[in-house]
Amino acid sequence: YALAAWSIVHGFATLWLAGALPPRVGDDPREAARHVIRRLVE
């Protein structure tokens, strides 16, 4: 599980820093990451 979690966080951070996420994600990276992770574990 640790590798999967690290991969998700790393991928999200890379996309965030590159500005590659859609505007609907919002301006708060913590809230956006919570939303993404929530969707993945549902």
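**View 1. I37 is partly exposed on helix 2.** With a relative accessibility of 37%, I37 counts as partly exposed (buried is under 20% relative accessible area, exposed over 50%, partly exposed in between, with a 1.4 Å probe and protein chains only). I37 sits in helix 2 (helices are DSSP runs of H or I, at least four residues, numbered from the N terminus). This is a predicted model: local features need pLDDT of at least 70, side-chain atom pairs count only at pLDDT 80 or more, and totals for chains, interfaces and linings use all residues. Residues are numbered from 1 along each chain as its sequence is written, and side-chain values use heavy atoms, with hydrogens and water left out.

**View 2. I37 shares a nonpolar surface patch with I8, V9, L40 and V41.** The patch covers about 440 Å² (its residues have over 30% relative accessible area and no salt bridge, with nonpolar side chains joined within 5 Å; areas are Shrake-Rupley values with a 1.4 Å probe; a salt bridge puts a side-chain nitrogen of Lys or Arg within 4 Å of a carboxyl oxygen of Asp or Glu). Helix 1 and helix 2 each chip in at least two residues, but helix 2 gives the largest share, three residues.

**View 3. A side chain reaches in at the start of helix 2.** Here a side-chain oxygen of D28 comes to within 3.1 Å of the backbone nitrogen of R30.

**View 4. D27 is out in the loop between helix 1 (2-18) and helix 2 (29-41).** D27 counts as exposed, because its relative accessibility is 76%. From C-alpha to C-alpha, D27 and E42 are 23 Å apart in space and 15 residues apart in sequence.

Methods. Patch = residues over 30% accessible without salt bridge, like charges linked within 9 Å, V, L, I, M, F, W, Y side chains within 5 Å. Polar contact = N/O pair within 3.5 Å; in protein donor to acceptor, adjacent residues only side chain to side chain.
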